[in-house]
Amino acid sequence: MDRREVLGLYLVIVIVSGCSCSEKVRVSLYYEALCPYCEDFIVNRLVNLFYDKQLLSILNFTFIPWGNAFIQSDGTFLCQHGANECILNAIEACAITIYPDVEKHFRFIQCVESKWFEKREEEWVNCFEISGIGRQPIIDCYTTGYGNTLEHQFAAQTAQLNPSHRFVPWIVVNNHPLQEDFENFVSYICKAYKGSQVPDACKSVPQENSQLWKQNPAAVCSPNFTSSAPALHSHNIH
């Protein structure tokens, strides 16, 4: 293969990958670590998307762990499900940042959420090994305060939502908030995708979005501070 052929092949690769990137659907999940409905959605619904490599290949997926928390006048965080949630939000923010590959940090997030969802809270620390990510970089990120810095960034991202989120889980597809119809997220992804490599999952999705959520709305965490969760012991985060 001469130099012109090599250059031609390189240009083809660049053009193809450029098209692929521009056609990807942008999906963002705004959530909080200990909302039971976020846990349920991640563990039992979103996980199916990550099992579908075709569908995942057309996405740029982003996790934003902040939810209904807010920053108090003294700069500290107040989270809907207590201090535990603030800790886990920051730890998941660290995982997202240190391990930017979405499949890698999803494995960790899904594991943590499943332990709390199944009421096996003490086992969440096993998720470092289970998901194959390093424990110490995440713990260092949290204990040095960098996790809270990341949370400030996620708080700002959440505050910029237009329209503002009214509950979590809150999903946005190509800047379009799904609002109460978030469980139908695959349909919106397929509708938003304009590329030629249509995933098999999209071939059987109805063209019109279902309105069943109006009859049977999904459970969500709206902004209130009435819930609580078991305390994290200090040995779990050091």
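In helix α4, Asn84, Leu88, Ile91, Glu92, Ala95 and Ile96 are in contact (heavy atoms within 4.5 Å) with His105, Phe108, Ile109, Val112, Glu113 and Trp116 of helix α5. The model is predicted: local features need pLDDT of at least 70, side-chain atom pairs count only at pLDDT 80 or more, and totals for chains, interfaces and linings use all residues. Residues are numbered from 1 along each chain as its sequence is written, and side-chain values use heavy atoms, leaving out hydrogens and water.

**Contact of α4 with α5**
- The residues of this contact comprise eight nonpolar (Ala, Val, Leu, Ile, Met, Phe, Trp, Tyr, Cys and Pro), two charged (Asp, Glu, Lys and Arg) and two polar ones (the others, Gly among them).
- Helix α4 (residues 83-98) packs against helix α5 (residues 102-117) at about 160 degrees, with the axes 9 Å apart.
- Axes are lines fitted to C-alpha atoms, for helices over the stretch in contact, and angles run from 0 to 180 degrees between N-to-C directions.
- α4 and α5 are therefore roughly antiparallel (over 145 degrees).
- Their crossing is right-handed (the near helix is turned clockwise from the far one by less than a right angle).

**Contact of α2 with α5**
- Helix α2 (residues 36-51) packs on α5 at about 140 degrees, again with axes 9 Å apart.
- α2 and α5 are therefore oblique to each other (outside the ranges under 35, 65 to 115 and over 145 degrees).
- The crossing of α2 with α5 is left-handed (anticlockwise).
- Among the contact residues are Pro36, Ile42 and Phe50 of α2 and Val102, Phe106 and Phe117 of α5.
- This contact holds eleven nonpolar, three polar and four charged residues.

**The sheet and its helices**
- Four strands form an open sheet in the order β2-β1-β5-β6, with mixed pairing (at least two DSSP bridges between two strands).
- The edge strands, each pairing on one side only, are β2 (59-65) and β6 (176-177).
- Strand β5 (residues 170-173) runs antiparallel to β6, and two bridges join them.
- Val172 is opposite Pro177 in β6.
- Helix α9 (residues 185-192) packs on the sheet, where α9 touches β1, β2, β5 and β6, and its direction makes about 15 degrees with that of β5.
- Helix α8 (residues 146-159) lies across β1 (25-31) and β2, at about 110 degrees to β2.

**The chain as a whole**
- The chain has ten helices and six strands, which are DSSP runs numbered from the N terminus (helices H or I, at least four residues; strands E, at least two).
- Of the 238 residues, 45% are buried (under 20% relative accessible area, 1.4 Å probe, protein chains only).

Notes:
Buried < 20%, exposed > 50% of the residue type's maximum accessible area, 1.4 Å probe, protein only.
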